[in-house]
Amino acid sequence: MATYEEIYGKRVDVLDDDPTLTSANEGQVWYNSATGTLKSVVALESTSAATPMINKKSLYGWGVGTGTAGLTVGGVDDTTYLSVVEEYNGSGWAAGGTYPTARYSAGTAGTQTAAMAYCGRVPGSPGGPTETFEYNGSSWTSGNSFPTPGNSMQGIGAVDTAVVSTEVYTSTNMHHWNGTSWTSANARNTAKGGQAAFGTQTAAVLAGGFPNESTQTELYDGTNWTTSSNMVTGANQIAGAGTQTDGVSFGGDRPPTEAAQTTIQTWNGSSWSTSPATLATARTRAGTGRNTAAGTWVAGGIGPGGGGEGFNATEQFNSSANTITAAAWSSATAMPEKNYGAGSFGTKTAFVYFGGAPYPSKTNATREYNGSSWSTTGNYIGSFHYLSGCGVETAGLGAAGSPPTQTSSAEYDGSSWTSGNSMSQQRQNTGSTMVGTQPAALIVGGDQFPSTPRSLTACEEYDGTNWSTGGVWPTPVQNTAAAGTQTAGWAAGGLKDSSPGSPNVTQDATNEYDGSSWTASGAIPTATQRAGAAGPQTAGLFFAGFSTANALTSFSYDGAVWSTNPSMATARQSIGAGGVSSPSTAAIGAGGYITPNTTTAVEEFTGETSTAAAQTITVS
């Protein structure tokens with residue numbers, strides 16, 4: 001028998017402690033002399049909750065891409081056909097270029113920035129259309145039509161080479177797409193639909209499907225189909241991902257009730273096995289990033305209750321030596337009293353919250369949070385709410401507020417406040433709209449109640465001593481949320497004044513600041529005002545607020561587009577926000593207004609983490 005050294009070219013080390021581990025240690029074996037155990041880093045299969053899609057839908061296989069660059073197209077929620085396109089970045093979903101027509105149950109293939117889709121189901125056309133469309137990462141263009149109308153399609157491959165396409169389950173016909181036109185290909189062995197489909201034009205896999213919840217697996221070499229090992233458990237409407245030598249299938253449904261399944265099966269190129277991991281949510285007709293197996297996502301579908309109503313739950317499938325902990329909001333130590341509309345700044349473990357309204361009164365109290373407990377420090381210069389703040393715990397800045405509407409500002413040294421020079425414009429409802437540091441700050445928008453028009457376009461910059469006029473905001477707005485720095489800031493959402501007699505309009509606009517002027521960027525998924533904000537221009541976090549009601553939602557910004565994040569536990573507006581040092585891994589939201597009162601609730605955001613873990617080797 002070959003030794004470990006002969007196989008791997010290295011000996012088993014004897015160590016008095018486990019080494020510092022990363023995924024690069026996978027396969028390494030060592031003996032821990034302190035505990036008397038033989039250990040290794042081995043790959044484990046697991047699923048973890050990910051941020052839900054923006055829209056609820058059954059996708060019927062309409063997913064392409066990878067675990068960090070996925071795409072879903074269309075879908076159906078009960079009887080409502082959709083044209084929405086959503087893009088996945090590994091942590092959340094953002095809106096993509098809208099599909100030309102509402103449909104589902106078609107074929108898709110390619111990547112997030114080079115995809116194609118064809119045929120499918122549309123309202124009033126049971127047989128399906130023949131259109132083919134290609135996607136360039138932002139918009140769709142029409143291509144040559146598929147030879148026959150069809151739905152329940154499966155596309156496999158890359159759009160810039162060729163695609164294998166299977167027709168409806170009553171046919172074995174096959175076609176190739178070369179980026180321009182369709183040509184006939186050799187038929188597969190058995191007419192099936194709703195199969196797990198993945199691979200490439202010259203190395204494809206089709207497995208399972210209906211009728212009869214098949215276990216059959218067929219392999220394609222670019223010319224011919226051959227039958228291979230059966231799946232462990234048959235199902236139909238299965239989501240599949242991977243390559244011809246490393247694949248995975250998710251869920252599906254089985255009789256007698258066509259119940260959605262939680263089963264995950266893995267494919268090693270010659271046989272299937274049941275994964276020890278299962279889906280947290282049973283689903284059928286889901287979408288998945290079909291180009292890779294390990295690290296891919298599975299999203300949407302129809303759940304355990306059956307029927308036609310879709311859902312938006314997303315899960316990540318991991319086969320790795322690393323343990324993946326999904327991003328999440330979690331409850332933290334509550335504030336000493338209910339409050340909203342306060343100024344705030346700092347980080348998750350060095351947070352300052354000052355002024356505000358412990359409803360219905362106003363306060364000048366300053367509270368500090370160290371990551372586990374709250375303490376009281378020096379009072380602010382007045383009892384105001386609708387304040388704004390920026391900076392760090394030992395060098396902060398506060399400004400604006402009411403009543404009455406303020407021009408005042410003050411500096412904080414970690415224990416006490418000192419009055420500073422006044423702004424030229426009185427303003428309140430600035431919320432989380434001051435960005436930067438104590439010696440280099442920017443305040444955005446706000447309103448000048450009781451003067452009219454109320455909302456402002458004027459922005460002001462602070463240099464550590466004086467305020468001066470900054471770049472003009474594009475439209476009069478109050479209650480926006482902003483973060484970043486004085487020369488690389490961003491602001492999103494807010495409330496825009498309308499004409500007299502008309503209701504004011506909640507905004508979804510995002511703008512970036514370069515130190516002198518504002519430039520429009522991608523809109524946030526939901527128009528929202530009175531939200532919290534944290535993070536730099538290329539990694540922002542926007543959370544809570546008010547849209548049509550108090551919001552639980554949070555979104556991430558990469559400098560161009562917004563994507564969904566896990567939701568908060570407590571819906572609220574006028575929230576205190578911190579986390580400027582590292583928004584992708586650490587942020588805090590405190591207090592806020594919950595009709596008809598306020599809250600002491602504090603929540604902390606932690607981004608996704610990945611850590612390697614050693615496993616003890618046992619010998620029987």
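The following legends describe close-up views of a predicted model.

**Figure 1. Overview of the chain, with one helix and 60 strands in its secondary structure.** Of the 620 residues in the chain, 52% count as buried. Among the contacts in the chain with a separation of 6 or more, 50% are accounted for by residues 24 or more positions apart. The area that the chain exposes comes to about 23400 Å², and carbon and sulfur atoms supply 50% of it.

**Figure 2. The aromatic cluster that contains Y412 and W417.** The structure holds 39 aromatic pairs. In the pair shown here, the ring centres of Y412 and W417 are 4.8 Å apart and the ring planes stand at 40 degrees, an angle between the limits of 30 and 60 degrees, so the pair is classed as tilted. Both partners are on the buried side of the 20% limit, with Y412 at 1% relative accessibility and W417 at 10%. Together with F345, F354, Y380 and F384, the residues Y412 and W417 form one aromatic cluster.

**Figure 3. The edge-to-face pair of W490 and W562.** A pair of aromatic rings is described by the distance of the centres and the angle of the planes. For W490 and W562 the centres lie 5.5 Å apart and the planes meet at 75 degrees, and the pair is therefore edge-to-face. Because W490 belongs to strand β45 (residues 489-492) and W562 to strand β53 (residues 562-564), the pair ties together parts that are 72 residues apart in sequence. W490 counts as buried, at 0% relative accessibility, and W562 is likewise buried, with a relative accessible area of 2%.

**Figure 4. S402 and its polar contact with Q428.** S402 lies in the loop between β36 (395-399) and β37 (409-412), and although this residue is placed in a loop, its relative accessibility of 5% means that S402 counts as buried. The side chain of S402 makes a polar contact with the side chain of Q428, at 2.6 Å. When neighbours within four places in sequence are left aside, the residues in contact with S402 are S383, F384, H385, Y386 and Q428. One of these, F384, is also a member of the aromatic cluster that includes Y412 and W417.

**Figure 5. T528 in the loop between β49 (518-521) and β50 (532-534).** The relative accessibility of T528 is 1%, and T528 therefore counts as buried. A polar atom of the T528 side chain lies 2.8 Å from the backbone oxygen of T526. Leaving aside neighbours within four places in sequence, T528 is in contact with G493, G494, T506, Q507, F542, A544, G545, F546 and S547.

**Figure 6. V505 in strand β47 (residues 505-506).** At 40% relative accessibility, V505 falls between the limits of 20% and 50% and so counts as partly exposed. The C-alpha atoms of V505 and L495 are 5.7 Å apart in space, while the two residues are ten residues apart in sequence.

**Figure 7. The surroundings of F250 in strand β22 (residues 246-250).** F250 counts as buried, at 2% relative accessibility. The separation between F250 and T263 is 13 residues in sequence and 6.3 Å in space, taken from C-alpha to C-alpha. T263 is also one of the residues in contact with F250 once neighbours within four places in sequence are left aside, the others being I238, A239, I264, L279, T288, T296, V298 and F317.

**Figure 8. The second largest cavity, with a volume of about 60 Å³.** The structure holds four cavities of 30 Å³ or more, and the view shows the second largest cavity, which is lined by V64, A109, G110, G155, I156, G157, A197, F198, G199, R290 and N291. The elements that give two or more residues to this lining are the strands β9 (107-110), β13 (154-158) and β17 (196-200).

Terms used:
Residues numbered from 1 in each chain as written. Predicted model: local features only at pLDDT ≥ 70, side-chain atom pairs only at ≥ 80, totals over all residues. Heavy atoms only, no water. Phe/Tyr/Trp six-rings, centres within 6.5 Å; stacked < 30°, edge-to-face > 60°. Buried < 20%, exposed > 50% of the residue type's maximum accessible area, 1.4 Å probe, protein only. Helix = DSSP H or I, 4+ residues; strand = E, 2+ residues; numbered from the N terminus. Contact = heavy atoms within 4.5 Å. Areas by Shrake-Rupley, 256 points an atom, 1.4 Å probe, with all protein chains shown as cover. Polar contact = N/O pair within 3.5 Å; in protein donor to acceptor, adjacent residues only side chain to side chain. 1 Å grid on protein atoms, 1.4 Å probe; cavity = no way out; pocket = protein on both sides within 12 Å on 5 of 7 lines; lining within 4 Å. Points joined across faces, edges and corners; volume = space filled by probe spheres on them.
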